[in-house]
Amino acid sequence: MRKVGFLFTIILLLTGVKVLGQQVSIDLGPDQIASNQAFTITLTIHNARLENYSPFPEIPGFVKRGTSSSSSTNFVNGRRSSSQSIIQNYVATAEGEYTIKPFSMEVNGKNYNVQGKKIKVGPPAQRRQRNDPFGTDPFQDLFGRQNAPQEFVDVKADAFLALTTDKSAVYPGEGFTLTLAFYVASNNRADMRFYELSKQIPEIMKKIKPANCWEENFNIDNITGEPVEINGESYTQFKIFQAAYYPLNNETINFPKVGLELIKYKVAKNPTFFGRNKQEEIVTFSTKPKKVTIKDLPPHPLRESVTVGNYRLKEKISSESLKTGESFNYSFDIAGEGNISAIGEPRLTEDDNFDIYSPNIRQDISRGHGKVRGTKSFSYYGIPNEPGEYALGDYLQFIYFNVKSETYDTLKSEIVLNVSGESKKNEYILSNDMGSFYDAMDIQSNQLTALDAQDRMRSMANIAIFVLIGLIALVMFKK
């Protein structure tokens with residue numbers, strides 16, 4: 001009876017936990033670990049849904065080694081309490097003492113400050129043997145049962161890994177978005193967690209990145225779950241990699257089958273009070289191969305060099321009424337969805353009516369919600385030379401292939417420039433230095449001279465010089 005009373009007391013102590021209100025806690029791991037053990041930072045939210053959180057901090061001397069998550073729901077005295085945890089694992093690069101500086105994390109839109117601490121990393125710890133006292137239930141002997149090896153059973157995982165694209169066929173230069181994600185059904189009973197994503201993801205990226213495409217990477221730094229619905233069933237989607245690709249030629253793009261390793265737990269067939277009730281194993285989830293075909297662009301003189309996308313024109317000019325010789329600034333902005341980096345300069349038609357100089361170029365690109373959007377701005381500086389009314393659309397045009405209408409389209413200015421004043425063409429000619437040849441015209445005689453007259457004068461001058469030299473030599477000889 002004394003043993004049974006002791007057991008009943010322990011059970012009361014373990015179950016008599018006070019129900020806490022909604023709160024967020026960020027807990028650091030132990031002060032001292034072995035070099036072959038992981039240090040953890042655990043983010044836990046009670047009685048609320050974890051919608052978003054900022055990345056876990058970087059710790060000098062440690063590298064991140066994946067995250068795991070857990071959740072629990074309890075009903076105590078008719079009151080429901082729940083908690084959800086995200087565990088970030090760190091592995092030390094060497095033995096020694098390290099310092100975690102104070103940091104803050106944003107959870108569900110609120111900031112939470114965490115005090116730092118020192119961590120001592122010691123020599124590797126020996127692995128616990130299978131027959132250690134914690135692998136069995138001490139209460140088995142209490143009730144006269146014999147110790148026996150624990151048997152574990154596999155729980156089928158209702159989850160899958162998928163590589164998808166938002167388009168199955170595109171034109172050369174047209175973008176499509178590729179997503180690699182892990183999906184877990186809402187009624188999944190298997191306990192799993194990610195395993196060494198920092199090593200696996202770069203290897204997966206090497207396999208799936210096509211050689212004949214321009215890539216815009218969405219750079220997923222923090223893998224969080226998002227609720228989605230697939231064929232009427234509720235799933236949680238964990239995006240692992242996402243990028244937009246723009247084919248550079250007509251070659252079909254083939255994405256191979258890729259696999260992702262996860263840690264999955266078997267559960268004990270006969271759970272015990274203090275015994276080991278879980279056994280981990282590495283399982284691989286694989287995608288199916290995927291193909292994206294490339295369609296031919298319709299015939300056009302610029303088919304080999306035209307930009308492809310869905311764009312619109314935004315323009316701005318400093319003034320629409322000018323005098324000849326006055327300068328103006330004009331901005332030709334191409335905005336929309338597509339490969340913004342590949343957009344070239346608009347076609348510029350030049351004549352004597354304007355002096356338009358090469359533009360300054362700026363581009364802004366945003367990647368989000370599975371799309372790449374942005375703006376490429378061309379800022380021109382110009383000076384009108386002739387009075388009149390001029391449509392800037394006759395001077396600046398951007399030809400592209402519109403993927404929405406599947407036709408070639410042209411963006412052209414709708415601004416009409418009114419120029420008044422006198423012509424500046426002649427002033428431009430006079431303002432240029434024509435060279436020393438034209439400068440000498442004012443001081444030269446305009447009388448006609450025979451071409452052989454100059455030769456005769458040159459010969460007579462040479463004879464006179466020789467005569468003088470001879471006379472000088474004769475006088476010096478007589479002296």
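**Figure 1. Glu406, a partly exposed residue in a loop.** Glu406 has a relative accessible area of 39%, so it counts as partly exposed. We're looking at a predicted model here. You'll find Glu406 in the loop between β30 (396–402) and β31. Take a look at the backbone too: phi of Glu406 is near 55 degrees, a positive value in a residue that isn't glycine.

**Figure 2. Asn47, another loop residue with a positive phi.** Asn47 isn't a glycine, yet its phi is positive, at about 55 degrees. To find Asn47, go to the loop between β3 (39–46) and β4 (62–76). Is Asn47 buried or partly exposed? Its relative accessibility comes out at 27%, so Asn47 goes down as partly exposed.

**Figure 3. Ser413, tucked into a loop and buried.** Ser413 sits in the loop between β31 (407–412) and β32 (416–420). Why does Ser413 count as buried? Because its relative accessible area is 8%, and the cut-off for buried is under 20%. Now follow the side chain of Ser413. It makes a polar contact of 2.6 Å with the side chain of Glu315. The Ser413 side chain also reaches a piece of backbone, namely the nitrogen of Ile415, at 3.1 Å.

**Figure 4. The company Ser413 keeps.** Which residues does Ser413 touch, once we leave aside its neighbours within four places in sequence? The list is Leu313, Glu315, Tyr330, Phe332, Leu392, Gly393 and Leu396. You've already met Glu315 as the side-chain partner in the 2.6 Å polar contact. Three other names, Tyr330, Leu392 and Leu396, are worth remembering, as they turn up again in the lining of the second largest cavity.

**Figure 5. The largest cavity, between two domains.** Searching the whole structure turns up 2 cavities of 30 Å³ or more, and the largest has a volume of about 130 Å³. Its lining is made by 16 residues, and those closest to the centre are Lys167, Gly175, Tyr246, Glu337 and Gly338. Where does this cavity lie? Domain 2 (153–294) and domain 3 (307–426) both contribute residues to the lining, so the cavity lies between them. Several strands pitch in with at least two lining residues each: β13 (176–185), β17 (233–247), β22 (307–317), β24 (328–338) and β28 (371–384). Sorted by class, the lining of the largest cavity is a mix of 5 nonpolar, 6 polar and 5 charged residues.

**Figure 6. The second largest cavity and its lining.** This one holds about 50 Å³ of space. Its lining is formed by Phe328, Tyr330, Ile356, Tyr380, Tyr381, Gly382, Leu392, Tyr395 and Leu396. The elements that give two or more residues to this lining are β24 and β28. Which element gives the largest share? That's β28, with 3 residues. How many charged residues are there in this lining? There are none: the count is 8 nonpolar and 1 polar.

**Figure 7. Zooming out to the whole chain.** To put the close-ups in context, the protein has 6 helices and 32 strands. Buried residues make up 35% of its 479 residues, and Ser413 from the earlier views is one of the buried ones. Of the contacts with a separation of 6 or more, 72% link residues that are 24 or more positions apart.

Note on methods
Residues are numbered from 1 along each chain as its sequence is written. This is a predicted model: local features need pLDDT of at least 70, side-chain atom pairs count only at pLDDT 80 or more; totals for chains, interfaces and linings use all residues. Side-chain values use heavy atoms; hydrogens and water are left out. Helices (H or I, at least four residues) and strands (E, at least two) are DSSP runs, numbered from the N terminus. Buried means under 20% relative accessible area, exposed over 50%, partly exposed in between (1.4 Å probe, protein chains only). A polar contact is a pair of N or O atoms within 3.5 Å; within protein, one must be able to donate a hydrogen and the other to accept it, and residues adjacent in sequence count only if both atoms are side-chain atoms. Contact means heavy atoms within 4.5 Å. On a 1 Å grid over the protein atoms alone, a cavity is a set of points where a 1.4 Å probe fits but cannot get out, and a pocket is an open set with protein on both sides within 12 Å along at least five of seven lines; lining residues have an atom within 4 Å of a point. Grid points are joined across faces, edges and corners, and a volume is the space filled by probe spheres set on the points. Ala, Val, Leu, Ile, Met, Phe, Trp, Tyr, Cys and Pro count as nonpolar, Asp, Glu, Lys and Arg as charged, and the others, Gly among them, as polar. Domain bounds come from an automatic or database domain assignment.
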